[in-house]
Amino acid sequence: MSTIERAEVFVASPGRNFVTLRITTSDGVTGLGDATLNGRELAVASYLRDHLVPLLVGRDPARIEDMWQYLYRGAYWRRGPVTMTAISAVDTALWDIKGKVAGLPVYQLLGGRSREGVMVYAHASGTDTEALIDDVQRFRDLGYRAVRAQAAVPDVGGTYGIRKGNGIYEPASSSRPEEQPWSTEAYLDHAPRYLRAVRERLGFDFHLLHDVHHRLTPLEAARFGKEVEDVRLFWMEDPTPAENQEAFRLIRQHTTTPIAVGEALSSIWDVQHLITEQLVDYVRTTVVHAGGITHLRRIFDLAALYQVRTGSHGATDLSPVTLAAAVHLDTAVPNFGIQEYMAHAEVTDAVFRSEVRLEDGHLLVGEAPGLGVEYDETLAARYPYEPRYLPVARRLDGSVHDW
Ligand code: KDG
Ligand code: MG
């Protein structure tokens, strides 16, 4: 029987910080898992190195479900992003190995193809409405069928999701969290106007998305959703923090604007009521933060029973290993909705050589066995880890708000 011989944790910063797990079997087969938790990278690296790696060595890499149960139930302590990200990395690496051993791409192990390509949405942003409209048009010209739109709030400055210059959007900053000002009143006044301006200028023949990024109360979110109904958003994302799943009922009762939630949630129990009570339309949990391919498949299957579709998180802090795993899963599941996609930096793509490619606004999986990603550890070692934090939002009176 083949056993797990080695598991190595790489922490490097090619373009940004990534934590990567590589498992090697006694037959010399390797599998990759992403273990990146933005701003808390070293906690997951330690969870893996100090607690999980010693448990992996000598075990059967083929028993993916048993491994998941063993690592989840065996910890006694339940859920939480650090635990779930560490388990995700192991699970993803084992699916990669299983694919390589079988000589099949992972989507084939998940039941085969349900679609030819995976529709993605790109991130457009602007410091004002004109700049935003230009940016949305730029992505339309590049062939994207769906675009997320975020513009800065005038006078306040602070808002979520505005790219600095022409570079890649990156909210994490060095040494201390950047503090960003926030005004709910200014946002509620401004955001519906710029979303309407995008539609007025560019029309309705593409999907338009918007990320509220947890900033509103349920009642404010209900008002926002109602106000933008004529804009026909594909979704409003994270309208209110989701610790209290019940909070979404109030939003739901007031608006037909579709709701997407889940990027900061890490288990099926965190989305259980959102799904079973049909309080959301899209579930955005991901491979890397919600327990790997095994657990995310379980979430997606539950969602399918309630006509909730998938819309996995795919910002640049999720490595190309997660993106590949997501695209395999998206290709296979019946209730796929959309996949978030932000291109990585060139140096990131040089370290993680992935078969996934973008064509006509869709991501396509490759046919290589496993996930189709190779990790260049020698190149990665040239980019040492750099401490980074996500920003903190403060209201104009100085009190902390949800970022
Ligand atoms: O690390 C946090 C980011 O991934 C998150 O802020 C991005 O909200 C996000 C999105 O929708 O991509
Ligand atoms: Mg988001």
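**Strand pairing and the surroundings of ligand 1**

In this predicted model, an open sheet is formed by three strands, which follow the order S7-S19-S20 and whose pairing is mixed. The edges of the sheet are taken by strand S7, residues 179-182, and strand S20, residues 400-401; each of these has a single partner strand, so one side of each remains without a neighbour in the sheet. Between strand S19, which spans residues 392-395, and S20, the pairing is antiparallel and runs over two bridges. Within this pairing, Arg 394 has Val 400 of S20 as its bridge partner.

A further antiparallel pairing joins strand S1, made of residues 4-12, to strand S2, made of residues 18-25, and this pairing extends over eight bridges. One of the bridge partners is Ile 23 in S2, which stands opposite Ala 7 in the bridge. Strands S1 and S2 form a hairpin with five residues between the strands, and in this hairpin Gly 15 adopts a positive phi near 95 degrees.

Turning to the bound molecule, ligand 1 is located in the largest pocket of the protein. The ligand is surrounded by 15 residues, the closest of which are His 213, Glu 237, Glu 263, Asp 317 and Glu 340. When the shell around ligand 1 is divided by class, seven residues are charged, while four are polar and four are nonpolar.

Several side chains place polar atoms beside oxygen atoms of the ligand. In the case of His 213, which is also among the closest residues, an N or O atom of the side chain is 2.8 Å from an oxygen atom of ligand 1. Two arginines make comparable approaches: for Arg 284, the distance between a polar side-chain atom and an oxygen atom of ligand 1 is 3.1 Å, and for Arg 148 the corresponding distance is 3.2 Å. Of the 330 Å² of accessible area that ligand 1 has on its own, the protein covers 94%.

Notes: Residues are numbered from 1 along each chain as its sequence is written. Chains are lettered from A and ligands numbered from 1 in the order in which they are written. This is a predicted model: local features need pLDDT of at least 70, side-chain atom pairs count only at pLDDT 80 or more; totals for chains, interfaces and linings use all residues. Side-chain values use heavy atoms; hydrogens and water are left out. A residue is near a molecule or strand if one of its heavy atoms lies within 4 Å of it. A polar contact is a pair of N or O atoms within 3.5 Å; within protein, one must be able to donate a hydrogen and the other to accept it, and residues adjacent in sequence count only if both atoms are side-chain atoms. Accessible areas come from the Shrake-Rupley method with a 1.4 Å probe; for residues, only the protein chains shown count as cover. On a 1 Å grid over the protein atoms alone, a cavity is a set of points where a 1.4 Å probe fits but cannot get out, and a pocket is an open set with protein on both sides within 12 Å along at least five of seven lines; lining residues have an atom within 4 Å of a point. A molecule sits in a cavity or pocket if more than half of its atoms lie within 2 Å of its grid points. Ala, Val, Leu, Ile, Met, Phe, Trp, Tyr, Cys and Pro count as nonpolar, Asp, Glu, Lys and Arg as charged, and the others, Gly among them, as polar. Two strands pair if DSSP finds at least two bridges between them. Helices (H or I, at least four residues) and strands (E, at least two) are DSSP runs, numbered from the N terminus.
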